[in-house]
Amino acid sequence: MTATKTVPLTDRAAWKGLAANAEQIRGKHMRELFQSDPGRGERLTLEAEGLFLDYSKNRVTDETLKLLIALAEESGLKARTEAMFTGEKINITENRAVLHTALRAPKDATIVVDGENVVPAVHEVLDKMAGFADKIRSGEWKGHTGKRIKNVVNIGIGGSDLGPVMAYEALKHYSQRDLTFRFVSNVDGTDFAEAVVDLDPEETLFLVASKTFTTQETMTNAHTARDWSLAKLGDEKAVAKHFVAISTNAKEVAKFGIDTANMFGFWDWVGGRYSMDSAIGLSTMIAIGPKNFGEMLAGFHAMDVHFRTAPIEKNMPALLGLLTVWYTEFFDAQTQAVLPYEQYLKRFPAYLQQLTMESNGKHVTLDGATVNYQTGAIYWGEPGTNGQHSFYQLIHQGTRLIPCDFIAFIKSLNPLGRHHDMLLANVFAQAEALAFGKTAEQVKAEGTPDWLVPHRVFEGNRPSNVILVDELTPAVLGKLVALYEHAVFTQGVVWDIDSFDQWGVELGKVLATKILGELESKDEPKLAHDSSTTNLINRYRSGK
């Protein structure tokens, strides 16, 4: 699929309407929006696949929402969505299809890429993963010395790490507790050293996740893991019992010493940040079991179907994506906070950072023109209530507008006394405080002295969404991840950018390879860098 000329974003009728609408809304407080529309809190809600979204506490009117939907229509959201789901090569800079949705398609689905239905191959890998996971979980798979595997260490980076870490932490409640899981991604030696400090090589299995089996950081850690294992196990043949590969490069996998029968493949139509439900999720499947993994995939698929079929005005991912566009373009919001009130989701914001910013951190349109608007909101967050005692001060009383997504669950997986009621009270209170604030008159009525009043005023008018779900299950995790995947896609369609390449990671990698040779050179290297980089290299070389 090649880029097609479209009407530039800022020339679209809906964009111009939104710009005018934003000027009207800028002077309105959410207090006024709610007072003039008593049913707003019930009306501006949406339920999809067991997720309940309250988006009433946004600085929008019915007219705003109509214009945002029109903008999505003018941007061709529905056509682009179909192009993605049917395997068109919408990643134009790499001439690739974008089919993470095929990873969770049911067995009887048909999705054709280059003349071939890819679904059977997906399920073949899933079945192979399930067979392997069952062997580890049951103890049937033994290490080189005959001991059962008790420790699983995933070695990857980027999408080969962030998704598995997040999913393991999110679904730890469902995991097999006599297995220990660790994750190594950073090339900093400390990451590996601390991950294995209390592990026994005889009981440890490494999953090495690298499509090409040449990723510098991953393979450096993998070779260190190999050395660590063989220091105790001695025999090179032990590698085959203690290492498996998530890769497509059989030659390099075999050269490393891994039995290619224990190589789990994936495809170039799956981007790294969209791959946690592919073979990259092998650690997740071992932890929670094939049945729970299947339920997670079913959750992904349910949200895929909702996004593909629901009209935009009732489409949860589309609405979330459009609201981010609204604040980014018309209210100068630079960041989006994602605040899960669920300790198991503590790594969810970190996972979203890659999903959102690697996808939409782009400065040119599909046809290569420089954009004249903002793209790629900065996503960040921490679990509640920790964040309340950290950065919420800035969200409430700072000078920056930071839209927030609160994620909460009606039932706790670990009910203890009043804990969950207190947790949910904080969710609802924070959203209410952000929206409505506290006026000077209210502060004075509390008996506050005049000099202190300005310090205790809460301006309010700070937007938020609340996503409320019954309980955190594997299926719900799949739905939440897919929700944000498709919200990001919606943003990218409106911004007319390629959300599926990541050329921005290349330059630093190329320069690092060159500099590494200079740092390790025995002879004084001839340096051809700027004066700062040259000085830093020389200082490091003399100091080490």
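**View 1. D405 of strand β12 and its bridge partners in the predicted model.** In β13, N465 is the bridge partner of D405. D405 is itself the partner in β12 of V338. Strand β13 covers residues 464–469, and its pairing with β12 is parallel, with six bridges. Strand β10, residues 335–340, also pairs with β12 in the parallel sense, here over four bridges.

**View 2. The side chains of strand β12.** Strand β12 spans residues 404–409 and is mostly covered, with six of its six residues buried. In a regular strand, side chains alternate between the two faces of the sheet. One way from β12 point C404, F406 and A408. D405, I407 and F409 point the other way. The residues of both sets are all buried.

**View 3. E518 in helix α20.** Helix α20 runs over residues 506–520 and includes E518. E518 is buried and has no salt bridge. The nearest side chain of opposite charge to E518 is that of K514, 4.7 Å away. A salt bridge is counted within 4 Å, so the K514 side chain does not form one with E518.

**View 4. The surroundings of E518.** Which side chain shares a polar contact of 2.7 Å with that of E518? The side chain is that of H529. H529 is also among the residues in contact with E518 when neighbours within four places in sequence are left aside. The others on that list are P525, K526, L527, I537 and R541.

Conventions:
Residues numbered from 1 in each chain as written. Predicted model: local features only at pLDDT ≥ 70, side-chain atom pairs only at ≥ 80, totals over all residues. Heavy atoms only, no water. Buried < 20%, exposed > 50% of the residue type's maximum accessible area, 1.4 Å probe, protein only. Helix = DSSP H or I, 4+ residues; strand = E, 2+ residues; numbered from the N terminus. Pairing = 2+ DSSP bridges. Lys, Arg positive; Asp, Glu negative; His and termini not counted. Polar contact = N/O pair within 3.5 Å; in protein donor to acceptor, adjacent residues only side chain to side chain. Contact = heavy atoms within 4.5 Å.
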